Amino acid sequence: IKNKIRDTFSNVIAQTRKNIEKFKWDKIKDIDELSRIRMAAMNIFLNDYEKGSKEGRYVCAELPKLPFNDNEFDLVISAHLLFFYSDNLSIEFHKNSIIEMLRVAKEVRIFPIVDINSNISKYYKEIKNWLSKYGIDSCLESVNYEFQIGGNEMLKIWRNN
């Protein structure tokens, strides 16, 4: 994991620099500060990883199939994956992932609903209609966080059973 971070970090920061106008710089003042914040978070994770793995806090898993029991969690959060990578992940992947997350949790939250280019995901309306068709409740909620311009909303999905 450490090698993957090392290999991709500079590319991620370069892409952010290239698309600087797609971000709000009110709470994070510049790319250097962003780099420090993100690397500090990654180091906290890396320093905890061995202990956390032994304690069962980190589980290797991959959507759309999760190694958890039905109803094992109250909440599952998908952050910067579904909707965000709409150009890379199919609508079927999105649907299968949502169904799987609802299998293991009572509630799912997907944040943000914009794609990597700060546009509402091309799948958002179709997913909302699909959920409604199958009687799955959902709503759009604003959040008190916006770094990516337009990225301050999440889709909240829940089961009533």
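In the predicted model, Ser142 stands opposite Glu153 of strand β4. This pair belongs to the contact between strand β3, residues 137–142, and β4, which pair in the antiparallel sense over six bridges. Within the same two strands, Leu140 is placed opposite Leu155 of β4.

Strand β4, residues 153–158, also pairs with strand β2, residues 105–111; the sense is again antiparallel, and four bridges are found. Here Ile110 stands opposite Leu155 in β4. Leu155 therefore has Leu140 opposite it in one pairing and Ile110 opposite it in the other. In a regular strand the side chains alternate between the two faces of the sheet.

The sheet as a whole is open and consists of four strands in the order β1-β2-β4-β3, with mixed pairing. Strands β1 (73–79) and β3 occupy the edges and have a single partner strand each, so one side of each has no neighbour in the sheet. On average, neighbouring strands of this sheet are turned by 20 degrees against each other, direction ignored.

Two helices lie across the strands. Helix α3, residues 91–104, lies across β1, β2 and β4, and runs at about 140 degrees to β2. Helix α4, residues 124–133, lies across β3 and β4, and its direction is at about 20 degrees to β4.

Helix α3 has 14 residues, and the distance from its first C-alpha to its last is 20 Å, close to the 20 Å expected at 1.5 Å a residue. Its buried residues are Ile91, Phe93, His94, Ser97, Ile98, Glu100, Met101, Leu102 and Val104. The elements that cover these buried residues include strands β1, β2 and β4, together with helix α4.

The two helices were then compared with each other. The axes of α3 and α4 come within 11 Å and cross at roughly 45 degrees. This angle makes α3 oblique to α4. The crossing in which α3 passes α4 is right-handed. On the α3 side, the residues that meet α4 are Ile91, His94, Lys95, Ile98 and Ile99; on the α4 side, they are Glu126, Ile127, Trp130 and Leu131. Among the α3 residues in this contact, Ile91, His94 and Ile98 are also listed as buried.

Technical notes. Residues numbered from 1 in each chain as written. Predicted model: local features only at pLDDT ≥ 70, side-chain atom pairs only at ≥ 80, totals over all residues. Heavy atoms only, no water. Pairing = 2+ DSSP bridges. Axes fitted to C-alpha atoms, helices over the stretch in contact; angles between N-to-C directions. Contact = heavy atoms within 4.5 Å. Expected span 1.5 Å × (residues − 1). Buried < 20%, exposed > 50% of the residue type's maximum accessible area, 1.4 Å probe, protein only. Parallel < 35°, antiparallel > 145°, perpendicular 65-115°, else oblique. Left-handed = near helix turned anticlockwise from the far one by under 90°.
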